[in-house]
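Trainee: Please take one buried site in this model and look at it closely. Then set it against other sites and the chain as a whole.

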Amino acid sequence: MRAKVLAGCVLVISALSAQAWAYQANDAARDLTGRWFITADWYGTPRYMNLDLAQNGDKLTGKFNGSALEGTVSGSAVHYVAKDGQGASQETQAVLENGALTGTMTWTAPGDTPVVVKFTAMIVPKRPTGPAQVHEFTPTVFYRQFSALNKPVLTVAPGDTIHTWTVDAGGTDAQGVRRVMGGNPETGPFYVESAMPGDTLVVHIKRLRLNRDWAVSDDDIVESATNSNLAVKVKDNGKSVRWHLDREKGVAYLETPGEHTAHYTVPLRPMLGCIAVAPPPAAAPPPTGDSGSFGGNMDFNGMVEGATLYLPVMNPGALLYFGDGHAMQGDGELNGNALETSMDVEITVDVIPGKRIGGPRVETADEIVAMGLEGSVDEALKSATSSMADWLSEDYKLTSAEVAEVLGTSAEYHVSEVADRNSGVVLKIKKERLQGLVAEAK
């Protein structure tokens, strides 16, 4: 198979729990049936892949990164070939020892030079058992990249709850103390046990609480939202604006209002601008101002208390980050800074094993929301539409014609982000519109 289609990511292997990888049976009697996790040495960079094996006597069948494979087992020696149906193949020679498969993988594709790499494969750890825990976590470091190389600050299990706090986008905490350089510094990463590439991480936002009485914004409008006439009018803008957060009344107002905004107030609606998993390291770790299939600086004002976010897992443990709290934000974050503030955060994590999604999805009590994050609003709209079509096809088993019928009658679009490198568009469908389809989905 072509190397370019193999998703991967980096994590120092010692960060994996030794207990999770332990295997106590005799290798010679081992049945290889199960879900395996491959770490390949890709010219000095670890890359992660999925392997599903079914053993019947000395015969092997299954899938390697989604492509069908066939092979044999002879004692501790393992051999299989996976083909993608387009002329590309991947051949593996390995030995089973101490519960691990080690060996070489050779990729061959028409017109390409074969690629040979060494690898190790381990059985995917089982979901931890036992009662869910609540973790009181006090952060001492805040990262400015969504990197798989950052050491996890805490290990949690699916079902566990994390209660912690974030600094604001400028790096200032609840006491007004600058803790780190600005640029959306994040709390985390949190390592979620049993989460593996090819899974989906579930983030339930249980509680968001403002922990100070002020926030900052500015008086500019981002370039991507202005035409030439408006750009001239706001050319001298760009000053910082401070807001008072009246948590008792649930409103914010300008500390130094203009002539016509002395009585202007907005309702408080705390949200997280950033929630992310670490992306694969085939590309450089993105800064915390960026977004993509990994989530990141999505600045979607629907990321509020009670919402659930779904993200594709790209590293062992998922490596969850969050930050960039806002007291509230209008669609698009037109000022470039919403009401930026620090936040007390409580989230619960879970894992859906073996469910692969292409990018962020959000669910509320009333809606399902597909998110598009691309270089323009036009492309983001197309991405959101495609993501929702996939969601309806996967979970509701709709045909392409049925998807079109549902989207054509129920889609609601919102521009969620225009302030950063990527624009964001979300496509919402009210759950009441889908009630007649639920029986099909289950």
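**A buried loop site and its setting**

Mentor: The accessible surface of the chain comes to about 20400 Å², and carbon and sulfur atoms hold 50% of that. Areas come from the Shrake-Rupley method with a 1.4 Å probe, and for residues only the protein chains shown count as cover. The model is predicted, so to speak of ground rules: local features need pLDDT of at least 70, side-chain atom pairs count only at pLDDT 80 or more, and totals for chains, interfaces and linings use all residues. Numbering starts from 1 along each chain as its sequence is written, and side-chain values use heavy atoms, with hydrogens and water left out.

The whole chain comes next. It has five helices and 27 strands. These are DSSP runs numbered from the N terminus: H or I with at least four residues for helices, E with at least two for strands. The C-alpha atoms fill a box of roughly 85 × 50 × 45 Å along the principal axes. The radius of gyration, taken over C-alpha atoms, is 24 Å, which agrees with the value near 22 Å for a compact globule of 442 residues. That rule is 2.2 Å times the number of residues to the power 0.38.

Buried residues make up 49% of the 442. Buried means under 20% relative accessible area, exposed over 50%, and partly exposed in between, with a 1.4 Å probe and protein chains only. Among contacts with a separation of 6 or more, 67% join residues 24 or more positions apart. A contact is a pair of heavy atoms within 4.5 Å. For charge, there are 37 positive and 53 negative side chains, and the centres of the two sets lie 2 Å apart. Lys and Arg count as positive, Asp and Glu as negative; His and the chain ends are left out. Each charge is placed at NZ of Lys, CZ of Arg, CG of Asp or CD of Glu.

Now the close look: asparagine 422. Where does asparagine 422 sit? It is in the loop between strand S26 (412-417) and strand S27 (423-430). Asparagine 422 counts as buried because its relative accessibility is 7%. Its side chain reaches the backbone oxygen of serine 291 at 2.9 Å. That falls under polar contacts: N or O atoms within 3.5 Å, where within protein one must be able to donate a hydrogen and the other to accept it, and residues adjacent in sequence count only if both atoms are side-chain atoms. Residues up to four places away aside, asparagine 422 touches Asp290, Ser291, Gly292, Leu373, Glu374, Gly375 and Glu417.

Set threonine 200 beside it. This residue is in strand S13 (residues 200-210). Threonine 200 is buried because its relative accessible area is 1%. Its side chain reaches the backbone oxygen of lysine 355 at 2.6 Å. Its contacts beyond four places in sequence include Tyr310, Asp350, Lys355 and Ile357.

Leucine 268 is another buried site, at 17% relative accessible area. It is in the loop between strand S17 (265-267) and strand S18 (271-277). Its C-alpha lies 9.1 Å from that of histidine 326, with the two positions 58 residues apart in sequence. Among its contacts are Leu210, Leu245, Val251 and Ala327.

For the opposite case, take methionine 181, in the loop between strand S11 (161-166) and S12. Methionine 181 is exposed, at 57% relative accessibility. Its contacts beyond four places in sequence are Arg144 and Gly170. Lysine 83, in strand S5 (residues 77-83), is also exposed at 57%. The C-alpha atoms of lysine 83 and lysine 233 are separated by 60 Å, at 150 residues apart along the chain.

Last, backbone geometry. Most residues other than glycine have a negative phi, and most peptide bonds are trans. Tyrosine 43 has a positive phi, near 55°. It is in the loop between strand S1 (34-42) and strand S2 (45-56), and it is exposed at 63%. Asparagine 65 has a positive phi of about 50°, in the loop between strand S3 (59-64) and strand S4 (67-74). Asparagine 65 counts as partly exposed, at 24%. The peptide bond from glycine 188 to proline 189 is cis, with omega near 5°. Proline 189 lies in strand S12 (residues 186-192).
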